[in-house]
Amino acid sequence: MTEVTLITGDGIGPEIAEAARRCIDSTEPGINWDVKEAGIEVMEKAGTPLPKETLASIEKNSVALKAPITTPVGKGYRSLNVHLRRKYDLYACLRPCKSYKGVRSKYTDIDLVIVRENTEDLYAGIEFEKGKDDTDELIDWLNNHRESQIRKDSGISIKPISVTGTEKIVRFAFEYARKMERSKVTSVHKANIMKFSDGLWLEVSREVAKDYSDIEFEDRIVDNMCMQLIQKPELYDVIVLPNLYGDILSDLCAGLIGGLGVAPGANIGDNAAIFEATHGSAPKYKGQNKVNPTALTLSGVMLLRHIGKLAEADKLENAVASVIAEGKSVTYDMKDDRNDPTAVGTSEMADAIIEKVKSS
Ligand code: NAD
């Protein structure tokens, strides 16, 4: 048996965690789930949103399926998702974006993979607030050392991009492409403007590409990439990006495949991997057995592949695809009319997926 941590999250988390777990188990993958809590609800009981037992379980098993967790706005704890990524150096955010027949979208036949760097760039958290002493000091220093001047009433965010971080993520993208038999990696940047951060990213991307002559390599400037993805998404395959562009383009690509309800993801490091849907905890739907379990279930498909259960992963992905294609036992968001009374609930959609797995 493989031990896997299941973090049930909050909001709609527990409902979709249960649905996804049942779907995964129906493929008989030999997983022993170590069920743990995190988020707002456990905060009230345990005094922390991320109990020690949850962290210990991730450390012991190194693989987790995680349902969404609410981040309170403006008060309370900071994002646990960001905390987990930092704590376990989950430097790669992997988001496959694939069209499934039957999903409402303007596009068909999308099959892209976004590989986003998760630890550096403008998200490194190095920020200087307008009017603070250290901000004024920094601005004075910069203005004394450079011709171009920064206005005194500025706030500043620093964008670090390192050789180490870039090399790790670009290598990850190539290794993923090789393992999944994909043919091309595109590195995205704005090196024409930010020569010392994005320029370094591009230089390192080109160096790493030399080690993978079996896989095609190209680069694109981020604004052009956005237009190309809308006009000719079929030209792209694996796309590797620094943190901020990766965040924006993963939502763009989620839009191409029909939105958040069907977009899976994973945060992966050298010692741990956490699989989770792209969407959040949608608190307004909590406890209603209403939302779509597909994104977390497809994150489970990625998890199965990660632990080497390839046949089980294919079986589950085919079952999800077939339920969506039939369009009968699907949640409200997959119906043409969101008020369609034939829409089923979260657990009923999971039942339909399980039935397909069993009959395959
Ligand atoms: P959200 O993704 O939770 O919900 C936005 C809207 O998308 C919902 O109102 C709903 O209409 C739709 N939606 C989301 N998931 C769906 C599903 N499975 N099926 C059908 N429709 C679905 O985004 P939000 O409202 O901005 O965030 C809510 C909370 O989730 C915030 O606290 C945020 O910080 C957190 N969040 C957590 C994660 C994570 O745990 N990885 C990711 C994103 C946001």
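**Exercise 1. Disulfides**

Task: Determine how many disulfides a search of the whole structure finds.

Solution. The model is predicted: local features need pLDDT of at least 70, side-chain atom pairs count only at pLDDT 80 or more, and totals for chains, interfaces and linings use all residues. Residues are numbered from 1 along each chain as its sequence is written, and side-chain values use heavy atoms, with hydrogens and water left out.

Step 1. A disulfide is a covalent bond between the sulfur atoms of two cysteines. The criterion applied here is a pair of cysteine sulfur atoms within 2.5 Å.

Step 2. For Cys93, the closest cysteine sulfur belongs to Cys97 and is 10.0 Å away, too far for a bond. Cys93 is buried at a relative accessible area of 4% (buried means under 20% relative accessible area, exposed over 50%, partly exposed in between, with a 1.4 Å probe and protein chains only).

Step 3. Cys226 is likewise in no disulfide, the nearest cysteine sulfur being that of Cys253 at 8.9 Å. Cys226 counts as partly exposed because its relative accessibility is 24%.

Result: the search of the whole structure finds 0 disulfides.

**Exercise 2. Salt bridges between separate elements**

Task: State which parts of the chain are tied together by the pair Asp351 and Arg22, and then treat the pairs Asp121 with Lys159 and Arg206 with Asp219.

Solution.

Step 1. A salt bridge requires a side-chain nitrogen of Lys or Arg within 4 Å of a carboxyl oxygen of Asp or Glu. The count by this rule is 30 salt bridges.

Step 2. Between Asp351 and Arg22 the closest N and O atoms are 2.9 Å apart, which makes a salt bridge. Asp351 belongs to helix H12 (residues 346–359) and Arg22 to helix H1 (residues 13–25), so the pair ties together parts 329 residues apart in sequence. Helices are DSSP runs (H or I, at least four residues) and strands likewise (E, at least two), numbered from the N terminus. Asp351 is partly exposed at 37% relative accessibility, and Arg22 is partly exposed at 24%.

Step 3. Asp121 and Lys159 meet in a salt bridge of 3.6 Å, N to O. Asp121 lies in the loop between strand S5 (111–117) and strand S6 (127–128), and Lys159 in the loop between strand S7 (156–157) and helix H6 (163–179), so this pair ties together parts 38 residues apart in sequence. Both Asp121 and Lys159 are buried.

Step 4. Arg206 and Asp219 form a salt bridge with their closest N and O atoms 3.5 Å apart. Arg206 is in helix H7 (residues 198–209) and Asp219 in strand S9 (residues 216–221), so the parts tied together are 13 residues apart in sequence. Arg206 has a relative accessible area of 45% and is partly exposed; Asp219 is partly exposed at 23%.

Step 5. A network of salt bridges links Lys98, Arg305, Asp314 and Glu317.

**Exercise 3. Placing Glu326**

Task: Locate Glu326 and give the separation of its C-alpha atom from that of Arg206.

Solution.

Step 1. Glu326 is found in helix H11 (residues 310–326).

Step 2. Glu326 counts as partly exposed because its relative accessibility is 48%.

Step 3. Glu326 and Arg206 are 120 residues apart along the chain, and their C-alpha atoms are separated by 44 Å.
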